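Please open the model in the viewer and keep the sequence panel in sight. The tour moves from a single pair of residues outward to the entire chain.

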Amino acid sequence: MGAVVALIAIFLVGMNAGNPVRKDAAAPAPAAAGGTPPARPSPPPPGIGKAVRDGKFEFVVSRVDCSKTQVGVEHLRRTAAGKYCVVSLSVKNIADRPKYFLGSAQKALDAAGTEFGDDELAGLYANQNIRTLVNKIDPGERVTGKLVFDVPKPVTLTSLELHDSFLSGGARVTLR
């Protein structure tokens, strides 16, 4: 068991060795006459309908519906512990080789920064009869599907963090 953990650690370190993180200090802004430079507010992350990229995927969230307590039909139905927030999105593979989308790598966040993970089984029920995200996505191909997050009833989601993989930095999408 220890050898397996060591091999995984060596693999992850090797993956990151070719991509060193570099943080350059920003050039100081010229001071306004008589004082401190004016502060520029950073723009909010892109919202619904806007494309964002992380790694080898381009994502577009088209809709978020937090009104459901069940997904699926008849015998293939799942009930939320709180409420389901169903996120409709498309994912395009911008790489030069096939890639799998991992629903379990995606996160939904509320205003306090609390993270909620994808309910993969509910996602399977919600994605019936469409070409979904669970298949291999070929280069240049765009697929649509739904991610399903089970959140407590009083929670309001404010953003999504969409990832190419578990190790990627993620791309933020605002939901307001």
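Which residue in S6 is the bridge partner of Ala108? Select Ala108 together with Phe116: in this predicted model, Phe116 is the residue of S6 that forms the bridge with Ala108.

Next, extend the selection to the two strands. Strand S5 covers residues 107-110, and three bridges join S5 to S6 in an antiparallel pairing.

Now add S9 and S10 to the view. With these, the selection shows an open sheet of four strands, arranged in the order S6-S5-S9-S10 and paired in the antiparallel sense. To find the edges, select residues 115-117, which are strand S6, and residues 171-174, which are strand S10; each of these edge strands has pairing on one side only. From one strand to the next, the twist averages 30°.

Then release the selection and colour the whole chain by secondary structure. Two helices and ten strands should appear. Followed from the N terminus, the elements read α-β-β-β-β-β-β-α-β-β-β-β.

How much of the chain is buried? Of its 176 residues, 35% are buried, with under 20% relative accessible area as the criterion. Switching to a surface display, one sees an accessible surface of about 11200 Å², and carbon and sulfur atoms contribute 56% of that area.

Finally, display the contacts within the chain. Among contacts with a separation of 6 or more, 66% are between residues 24 or more positions apart.

Conventions:
Residues numbered from 1 in each chain as written. Predicted model: local features only at pLDDT ≥ 70, side-chain atom pairs only at ≥ 80, totals over all residues. Heavy atoms only, no water. Pairing = 2+ DSSP bridges. Axes fitted to C-alpha atoms, helices over the stretch in contact; angles between N-to-C directions. Buried < 20%, exposed > 50% of the residue type's maximum accessible area, 1.4 Å probe, protein only. Contact = heavy atoms within 4.5 Å. Areas by Shrake-Rupley, 256 points an atom, 1.4 Å probe, with all protein chains shown as cover.
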